[in-house]
Amino acid sequence: MVDTTTVLAGQTIAYTCYVLTIMAGMGWFAYQISKKGGTEVKSGLFYAFVGLLVVIGVSLHIITHETIPWKAMDLNRAEIQPDKEFAITVSDHKFILPAEKLVIRKGEKARFTVTSNDLTYGFGLFRADNSMLFQMQVLPGHVNDILWQFDRPGLYSIRSTEYSGWKGINMIVRDAVEVVE
Amino acid sequence: MNLIQTLVNGEKGLFKPDTLTPMQKMTLRFVVVGLVYYLFAVIEGMLMRVYEVTPLPFVTQQQFFAILTAHPLVGIFGSTYSIVFGAFLFLVPFLMKKPLFSIKLGLWTFWLIAIGTFVFWFAGFVSHYSPLYTLYWPLPADFSQFSALGGAFFILGIALVMAGTLLWVINIFATITYTPAGWEKQPSGALIKSALGLTGLKNLLSKKKKEHLVSLPVAAIARGTVDTALNAVVLTFTGVLILIYMVAALLGIDLKHSAIDALLYKNWFWWGLDLIADGLVLIFVAGTWYLLATMITGKKLFMENIARAALFVEMVVSWTVWSHHLMSDQAQPGILKILSGEMVTAFELITQGLAFAITLITLWSARPLKMTNPLKFLLGGLLGFALAVPAGIMQADLGLNRILHNTQWVVGPHVHVAILVGLAMTLYSAIYLLLPVLTNGAQLYSQKLADFHFWAHLLGGIGMGAFMGMAGLHGMLRRTLYVNGEFNVYMILAALCGLLLLSAFLAFFINVVMTVGVKGVIGIFMPAKIKTQELTPAEK
């Protein structure tokens, strides 16, 4: 499976290119607007721009659906049988794990079902360098589950990704998930 | 005039508050209070920027989150609502060439928003009530962390703002439809249909085209006002719900949190809250761009009918777009995530892109244009939304949301660039443009300060958003604290950009004070000496 860092690197490159282009374009426009010159803009150009916006708006989601593997997996997760299941409870700003360390073999699909007994929390896995692998919201009174395929060894910390009051900022369980060969 | 004389009397003593009409005074009061609350929000923002680098000894963690709760609310309600409401109370009658329905109602709005904002800010400051603006259930009613009494005052402040907002909505629609004394009877039904876009919709389906009775900027204001009203209703209802829990707690009764379904509540609240972010802000901004472009160029708007249709689509989109805030909520139905979250949200790229293109082409049609303050700030505002809207579309994707939700990406390149660069620079453009009209010809104190204001604000806003975004892409969450300096490189750079934003505002503030003088600022808040319903004094 494509790693989240690869997807984020792609996003960084695409958005940076866009930002530089639009800033250069606006700079050019600001320079030209105070100069004498042609003022006519053909309606065809305008409609082409509208068409481009439609194509970009629709194609973004189609492209990500085809290239980001966890997107389709998330939508179909009810039909997918995981290799590992972990039931986690959150209560009074604390994660209660089924074991001290959640061990997953490389290549396995694991389902994390997180239940909140009181507030709205978040549930995310983070690498040692604090970058995020994935996250979801955890609402009380609802089933909050996420399916993820781990295709490389690693050690991850669990962290609440949603604000649950000032008591919640230390909701971190270091090195709680280990993916082994 | 020396510096002290200018500070007291304003640039060349040109601003004379005694010559202002009641309408001008009311509008200027909204602007002054809006700018003061903007200063509040900038200082709060700067405190948090520094705190993200190193904890400040005089700010506790509870206080930090109270600031984080108040900061966006002061910015949106205290500052933006004040400036926008004041400007539109002036512009709707100005564009419709008729008096405002009620100045008294306008003044009620002014006081309710000014006092309401202070009440919720002060309640948060004293009690550290900090459920953040999202109020995810049952956090606002978690009295093991927050004071019920402090929370009750906080909600009271918000309620005052909402009451002022609803009075403003009445005033705007009444102004569009009413018949002033001595006037020929106005076609109120046809006016409201034209303002809301129903006439335009009928024209699309009928061969017999009807004339638009209201101008495009008024139509934009009316459509944004629909979202403002719906938002006020949702926030008021939610506030009452939370208040019930607070009052019960104060009376010693422990109401069960599970009586409210957290997901249903989140859907309801985000439906209403998003009417600001993805509704009235985008519609009001598009309308303001059109108005500014036509006023700056003196030309008709390019593709006006398309612009009207896009405003109507934007209003409908704003009612159906909320689910992009719940893409990481696994209990949210997948169909809502795809239709509302991804597809409808993508329409915002189209509607806002249309407004962007129409405004630029209208400006282009009048070249060569002098690079005035209103024009350059308008271009800055356009750039801000051109950067922020695609950033939002990216995070409203099911695949990307899984790794972007609640990171600094959301609040940096999307939220802060949209608000600080897109919205604020559009408002500055309007302020620079309307300043001579509202002050009967006061002259700006310093063009150098205005230039510094522009560049420092533009670079500070984009820079801060960019460095927050970089931190977000590396996993930094928003709404939390990193106490071991994990993201200090990005946070130091973001804080420096924040400092640039603060400097920009101080330059603008000094420029405005020196333009109208301290006597002038005081005079704005004194009762008007001219008794008239007219917007500006009659020509002698």
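Two residues are taken to be in contact if their C-beta atoms, placed from the backbone, lie within 7 Å. The exercises below apply this cut-off to a predicted model.

**Exercise 1. Decide how the axes of α3(B) and α5(B) are oriented, and find which residues meet between them.**

Step 1. Begin with the geometry: α3(B) and helix α5 (residues 148-177) of chain B pack at an angle of about 15°, and their axes are 10 Å apart. Angles under 35 degrees count as roughly parallel, and α3(B) is therefore roughly parallel to α5(B).

Step 2. Add the handedness, which for the passage of α3(B) over α5(B) is that of a left-handed crossing.

Step 3. Apply the contact cut-off. On the α3(B) side the residues are Phe77(B), Tyr81(B), Phe85(B), Phe88(B), Leu89(B), Val92(B), Pro93(B) and Met96(B), and they meet Val161(B), Thr165(B), Trp168(B), Asn171(B), Ile172(B), Thr175(B) and Ile176(B) of α5(B).

Step 4. Sort these residues by class, which gives 12 nonpolar and three polar residues, with no charged residue in the contact of α3(B) with α5(B).

**Exercise 2. Follow α11(B) through its packing against α10(B) and against α12(B), and state for each pair how the axes are oriented.**

Step 1. For the pair with helix α10 (residues 304-319) of chain B, the axes come within 10 Å and cross at roughly 150°. Angles over 145 degrees count as roughly antiparallel, so α10(B) and α11(B) are roughly antiparallel to each other, and their crossing is left-handed.

Step 2. Read off the residues of this pair: Ile306(B), Ala307(B), Ala310(B), Val313(B), Glu314(B) and Val317(B) in α10(B) meet a set in α11(B) that runs Val344(B), Phe347(B), Glu348(B), Thr351(B), Leu354(B), Ala355(B) and Ile358(B). The contact of α10(B) with α11(B) holds 10 nonpolar, one polar and two charged residues.

Step 3. For the pair with α12(B), the angle to α11(B) is about 165° and the axes are 10 Å apart. By the cut-off already used, α11(B) and α12(B) are therefore roughly antiparallel to each other, and this crossing, too, is left-handed.

Step 4. The residues that α11(B) supplies here include Thr345(B), Glu348(B), Gln352(B) and Phe356(B), while those of α12(B) include Leu382(B), Phe385(B), Val389(B) and Pro390(B). By class, the contact of α11(B) with α12(B) has 10 nonpolar, three polar and one charged residue.

**Exercise 3. Locate the cis peptide bonds at Pro138(B) and Pro368(B), and place the positive phi of Leu135(B).**

Step 1. Trp137(B) and Pro138(B) are joined by a cis peptide bond with omega of about 0°, and Pro138(B) sits in the loop between α4 (103-127) and α5 of chain B.

Step 2. Leu135(B) also belongs to the loop between α4 and α5 of chain B, and although Leu135(B) is a residue other than glycine, its phi is positive, near 50°.

Step 3. The peptide bond from Arg367(B) to Pro368(B) is likewise cis, with omega near 5°, and Pro368(B) lies in the loop between α11 and α12 of chain B.

**Exercise 4. Describe how the two assigned domains of chain B meet.**

Step 1. Chain B is assigned domain 1 (1-59 + 374-534) and domain 2 (61-206 + 213-296), whose C-alpha centres lie 20 Å apart.

Step 2. The contact involves 34 residues of domain 1 of chain B and 36 residues of domain 2 of chain B. On the domain 1 side, the elements that give two or more residues are α2 (22-53), α12 and α14 (408-438) of chain B, with α2(B) giving the most, 18 residues.

Step 3. That side of domain 1 of chain B divides into 24 nonpolar, seven polar and three charged residues.

**Exercise 5. Characterise the side of chain B that touches chain A, and report the confidence values that go with it.**

Step 1. In the complex, 64 residues of chain B are in contact with 63 residues of chain A. The elements of chain B that give two or more residues to this side are α3 (61-96), α9 (262-297), α11 (334-364), α12 (373-395) and α13 (398-404), and α11(B) supplies the largest share, 12 residues.

Step 2. By class, this side of chain B has 37 nonpolar, 17 polar and 10 charged residues.

Step 3. The predictor gives the complex an ipTM of 0.96 and a pTM of 0.95, while chain B has a mean pLDDT of 95, with 100% of its residues at 70 or more.

How values were computed. Residues are numbered from 1 along each chain as its sequence is written. Chains are lettered from A and ligands numbered from 1 in the order in which they are written. This is a predicted model: local features need pLDDT of at least 70, side-chain atom pairs count only at pLDDT 80 or more; totals for chains, interfaces and linings use all residues. Helices (H or I, at least four residues) and strands (E, at least two) are DSSP runs, numbered from the N terminus. Ala, Val, Leu, Ile, Met, Phe, Trp, Tyr, Cys and Pro count as nonpolar, Asp, Glu, Lys and Arg as charged, and the others, Gly among them, as polar. Axes are lines fitted to C-alpha atoms, for helices over the stretch in contact, and angles run from 0 to 180 degrees between N-to-C directions. Angles under 35 degrees count as roughly parallel, over 145 as roughly antiparallel, 65 to 115 as roughly perpendicular and the rest as oblique. A crossing is left-handed if the near helix is turned anticlockwise from the far one by less than a right angle, and right-handed if clockwise. pLDDT is the predictor's confidence in each residue, from 0 to 100. Domain bounds come from an automatic or database domain assignment.
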